[in-house]
Every structure is written in structure tokens, then in C-alpha cells.
Amino acid sequence: MADPMHQFQIQKIVELPTVTVFGMPIDLSITNSVAAMLLAATLLSVFYVFASAKRAVVPGRMQAVGELLYNLVDGLGDSIMGHAGKKFLPFVFTLFAFVLFMNLQGMFLIFTATSQLAVTLTLGMLVILTVVVVGFAKNGLKFFKLFAPSGVPWPLYFLLVPIEILSFLIRPVTLALRLFGNMLGGHVVLKIFAGFVIALGGMGLIGFPGALLAMGSVVALTALEFMVAFLQAFVFAVLTCVYLNDVLHLDSH
Amino acid sequence: MDASAAKFIGAGLAMLGMIGAGIGLGVMFGNYFQGALRNPTAAAQERPMLFLGMALTEALGIFALVVAILILNGK
């Protein structure tokens, strides 16, 4: 059977020289992962340039899809962060759309950029660093109140503060691992079931019913993966909003 | 039994952690639908919280997957 992990291998497409920054060598070569991200960003930009080109009162097909995605994130930010979150809508929407396009690209083309832990961890760190910076800019040193929720008997703080700090530090890790794990798991399962079709189909008439069953599973799983691709991008946006809300409304914490 | 066989068994056992995530997701969606069918007007505004809970529950299952991959690819 074909190796289901082969699809996640990084290959260099364009060789570029290695640059040394502060004594650390950084390989600038364009790999298939970088190419997939560039393509996703390009597709996203082109899509929204065309979707917002006419700006008609009664939207056409492209504009309707663009508005649908935008309204989804807009409503989400409003319901979680309230009015104060309006400023962060561009950030959240960009993250959502970028992750969505990378996920969907994995369904249509050969490479899923979000199945690389390096990519998802970068996005996760980006979110949490934004949260920290916004938290300090808005609250100053009161930011540390995040780790000490009010309305608790004081002896509990000895237990609660370490837990809160730990749960804050693990946020980027869970954010990254969730997206990475879902994409990796889904695509591995797809390839394994596709491998069943070939292996059973090659056995002749005996294996034919099994191959048919596996084929049906592949079709159903592909539909499921399209849903997961959208849902994970949505979950990423929801969690970004929730984490931002924590530091935006620190008084109610 | 050679070491690579033990590695596969260990990775398989590590995936048992997914059981908890499965039970958790079942309980969560079940309770959501119970609440949503009793009071459908309040269902829509609780949906982001549903997905948040789903994401947090699922993350714990994904940790099991990561441990399994670590065992499988460890030297």
C-alpha cells in the first residue's frame, strides 16, 4: 500500500541561498509548503479584489460569497468581543480566510499547508503575541489580573494562579495542534481508505464488494473533510476572538 | 518481539485517549441539542460556545494523536 504520510513531505521547489541572521542560518528556499501558502494568499487576494470590485447593492454571485464569509466573522466578533472588538475584525477575518483557503486548497490540490506544525504554530504564536501586546497596551500592568480571577477566597489563589498561567501558556500550543491534528488526521484517513480501494480491487471478484464499500467511504469522508476544513478555520477564529476578549474586558474577568 | 512491534503497540495504546474525547463530544452535542430543542430561540446565540467547547474537547483527543505520532517516529 502507498505510504499515507508521503503527502506531508516537504520538498524544495526553488532553491534559494541560505541567509545568516544573528548567527542563525535561515534557508530561504521555496518549498511546497511555502508555495501552497503563497498560492492561498494570492487566491484569497484575487478573490476579494473581484468580489469587492462592483460593490453592488444587490450582490452578484462572487460578492455574495465574499459578504457571507465577512458577515460570519463580523457577527462572531460582535457576539464574543462586543463593540471593543470591532478594531480586531481585520486581524480575525484575515486569519480565518487564510486558514480556510489553505484548508480548502488541501482538498482540491495536493498539498495542505495547515498540515505542517510549523505553519500552524506560527499562526498560533501570532495570535497569542497579539493578545499579550494588546493586553499590555490596553491594561498596562493590570494585565496580570488575567491570572488571578476576582471573587475567589484568597487561599485558593495559591492553587489557581499557577493553573491560570499554565492554561494561558498552553493556548498557542492547543491552537496549533488542533488545526494540525485535524488536517493531518483527516488526510491520512482519506489516503488509507483510498489505499484499501486499490488493494481490494486488485484481488479480483472476491475483493470487489470490499473495494466498493471503501470507495463509498472515501466519498463520504471527502464530504466530511470539506466540513472539517471550514469548521477548523471557524474554530480558529472563535478562539482568537475569545482570547482577545479576555484581555479586552479584563474587568469582568 | 522486536522493538518496532512494541512501538506500534504503544502508539496504538496511546490512541486510547481518543475514547475520552469521543465521550466528551457526545455528551456535549447531546446536551446542546437537548437544550436547543427545548428552547430553539436561544439555540443560535449559544452556537459559538458549542464550537468553543467542541474545540477544547477535541484538543485533548488531538494530544493523544500527537503522543502516538511521537512514539511512532521516536528513535
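Helices here are DSSP runs of H or I at least four residues long, numbered from the N terminus. By that count, B:A6 sits in helix 1 (residues 3-14) of chain B. This is a predicted model, and B:A6 is a handy place to start looking around it. B:A6 has 11 C-beta neighbours inside 10 Å, so it counts as exposed. Going from B:A6 to B:I19 means moving 13 residues in sequence, and the two C-alpha atoms end up 21 Å apart in space.

How far can the model be trusted? The overall scores are ipTM 0.72 and pTM 0.85. Chain A has a mean pLDDT of 86, with 98% of its residues at 70 or more. Within chain A, confidence bottoms out in strand 2 (residues 18-21), at a mean of 77, and peaks in helix 3 (residues 89-108), at 92. Chain B also comes with numbers of its own: its mean pLDDT is 86, and 99% of its residues reach 70 or more. Among the elements of chain B, helix 2 (residues 17-38) has the highest mean, 93, and helix 3 of chain B the lowest, 82. As a rule of thumb, predicted coordinates should not be read in detail where pLDDT is low.

On to the layout of chain A. Its seven helices and four strands follow the order β-β-β-β-α-α-α-α-α-α-α from the N terminus on. Along the principal axes, the C-alpha atoms of chain A fill a box of roughly 70 × 55 × 45 Å. Chain A has 253 residues, and 26% of them count as buried. Take the contacts in chain A between residues at least 6 apart in sequence: 63% of these join residues at least 24 apart.

Helix 6 and helix 7 of chain A make a good case of helix packing. Their axes are 8 Å apart and meet at an angle of about 170°. Angles over 145 degrees count as roughly antiparallel, so helix 6 of chain A is roughly antiparallel to helix 7 of chain A. The residues in this contact break down into 19 nonpolar, seven polar and two charged.

Next comes the largest nonpolar core, which has 43 residues. The residues with the most contacts inside this core are A:F96, A:F236, A:A237 and A:C241. Two or more residues each come from helix 1 (32-51), helix 2, helix 3, helix 4 (117-139), helix 6 and helix 7 of chain A, and also from helix 3 (47-73) of chain B. Helix 7 of chain A is the top contributor to the core, with 12 residues. For a closer look, take A:A237: leaving out residues up to four places away in sequence, A:A237 touches A:V73, A:L76, A:V92, A:L95 and A:F96.

A few other residues of chain A are worth a stop. A:L100 belongs to helix 3 of chain A. Is A:L100 buried or exposed? A:L100 counts as buried because 21 C-beta neighbours fall inside 10 Å, and the cut-off for buried is 20 or more. Neighbours within four places in sequence aside, A:L100 is in contact with A:F230 and A:A233. A:A233 is 133 residues away from A:L100 along the chain, yet their C-alpha atoms are separated by 5.1 Å.

A:D78 lies in helix 2 of chain A and is partly exposed, with 14 other C-beta atoms within 10 Å. A:D78 and A:C241 are 163 residues apart in sequence, while their C-alpha atoms are 9.3 Å apart in space.

Then there is A:P4, in the segment before strand 1 (12-14) of chain A. A:P4 has 16 other C-beta atoms within 10 Å and is therefore partly exposed. Which residues does A:P4 touch, not counting those up to four places away in sequence? The partners are A:V188, A:K191, A:I192 and A:G195. With A:K191, the C-alpha separation is 5.5 Å, across 187 residues of chain.

Last, the contact between the chains. It takes 13 residues from chain A and 11 residues from chain B. On the side of chain A that touches chain B, the elements giving two or more residues are helix 2 (61-81), helix 6 (171-201) and helix 7 (208-248) of chain A. Sorted by class, that side has eight nonpolar, four polar and one charged residues.

How values were computed:
Residues numbered from 1 in each chain as written. Chains lettered and ligands numbered in written order. Predicted model: local features only at pLDDT ≥ 70, side-chain atom pairs only at ≥ 80, totals over all residues. pLDDT = per-residue confidence, 0-100. Contact = placed C-beta atoms within 7 Å. Nonpolar A, V, L, I, M, F, W, Y, C, P; charged D, E, K, R; others polar. Buried ≥ 20, exposed ≤ 12 C-beta atoms within 10 Å, placed from the backbone. Axes fitted to C-alpha atoms, helices over the stretch in contact; angles between N-to-C directions. Parallel < 35°, antiparallel > 145°, perpendicular 65-115°, else oblique. Core = buried A, V, L, I, M, F, W, Y, C linked by C-beta atoms within 7 Å.
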